[in-house]
Amino acid sequence: MAEIERQDTGLAAIRSVPLAAPFGWLKAGLADALAHPGPSLFYGVCFALMGAAIYVTLKHAYQYVSALVLAVILLVWARASLIVFALFYTSSMPTLDTFLAQVFSLENVEFLLAYACVGGFFAALVFAISVVAIPMMLDRNTDGIVAALTSLKACSTNPGPMLVWGALIVLLTAVGFALCFAGLAITVPIIGHASWHAYRALVEK
């Protein structure tokens, strides 16, 4: 049985889970998606269409896409990104067609390292405050502050499993994008279902 850590803060108790637990959440999420294919596919298709719509709408202004994802945090991230571009990017601003080729060239190694550090910080922050927050708010009708603090506690109690879970989410999302957004119709519902199982495994009822 998973070990449960009691808290003195009034927050829900957090369970310690094995390092391989995220793979079990993913398996359970896939089973849920297959058990309810209609709603799951609809949810995924909405994400795929949203991604395609953003791409078509902003394909000539791709630098603004990040400001649409997570309001305040990503607005700060966008500003930090501009600073990184200004300080470390030595070439002319890339066009959409040549973005990957120009940004990931060997001439921009310093830029890549700086951008990865800045982006990684904000990505880790978003993940840490949201990994169980949304399922908890839906399940217990709790407020966002308590849910975010509980999510942070879950990450600090289980750093290894959370790193694995974050890597799996990034991998599945990347696969979805790599398939021209169509893959999101499959991967996003699985992640969504699996996130519920992650919440139930980490947060004591």
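A patch here is made of residues with over 30% relative accessible area and no salt bridge, and nonpolar side chains are joined into one when they lie within 5 Å. Keep that in mind for the first item. The model you see is a predicted one.

So, the surface. Leu-41, Val-45, Leu-49 and Ile-186 make up a nonpolar patch there, and together they have about 350 Å² of accessible area. Which helix supplies the largest share of the patch? That is H2, residues 37-57, with 3 residues. Leu-41 is found in H2. Its relative accessibility is 42%, so Leu-41 counts as partly exposed, since that class runs between 20% and 50%.

Next, helix H1. This helix covers residues 21-35, which is 15 residues. From the first C-alpha of H1 to the last is 21 Å, close to the 21 Å expected at 1.5 Å a residue. Which residues of H1 are buried? They are Ala-21, Pro-22, Trp-25, Leu-26, Gly-29 and Ala-33. Looking down the axis of H1, you find these buried residues within an arc of 140 degrees, and therefore they line one face of the helix. Turned away from that buried side is the face of H1 with the exposed residues Lys-27, Leu-34 and Ala-35.

Trp-25 brings me to the aromatic pairs. How many does the structure hold? There are 2. In one of them, the ring centres of Trp-25 and Trp-165 are 5.7 Å apart and the ring planes stand at 90 degrees, so this pair is edge-to-face; the cut-off for that label is over 60 degrees. The pair links distant parts of the chain, with Trp-25 in helix H1 and Trp-165 in helix H8, residues 159-178, and the two positions 140 residues apart. Are these two tryptophans buried or exposed? Trp-25 and Trp-165 are both buried.

The other pair is Trp-196 with Tyr-199. Their ring centres are 5.3 Å apart and the planes are at 50 degrees, so the pair is tilted. Both residues belong to helix H9, residues 184-202, and they are 3 residues apart, about one turn of the helix.

What about the accessibility of these two? Trp-196 has a relative accessibility of 32% and so counts as partly exposed. Tyr-199 has a relative accessible area of 1%, so this residue is buried, the limit being under 20%.

That covers the patch, helix H1 and the aromatic pairs.

Notes
Residues numbered from 1 in each chain as written. Predicted model: local features only at pLDDT ≥ 70, side-chain atom pairs only at ≥ 80, totals over all residues. Heavy atoms only, no water. Patch = residues over 30% accessible without salt bridge, like charges linked within 9 Å, V, L, I, M, F, W, Y side chains within 5 Å. Areas by Shrake-Rupley, 256 points an atom, 1.4 Å probe, with all protein chains shown as cover. Salt bridge = Lys/Arg side-chain N within 4 Å of Asp/Glu carboxyl O. Helix = DSSP H or I, 4+ residues; strand = E, 2+ residues; numbered from the N terminus. Buried < 20%, exposed > 50% of the residue type's maximum accessible area, 1.4 Å probe, protein only. Expected span 1.5 Å × (residues − 1). Arc of directions from axis to C-beta. Phe/Tyr/Trp six-rings, centres within 6.5 Å; stacked < 30°, edge-to-face > 60°.
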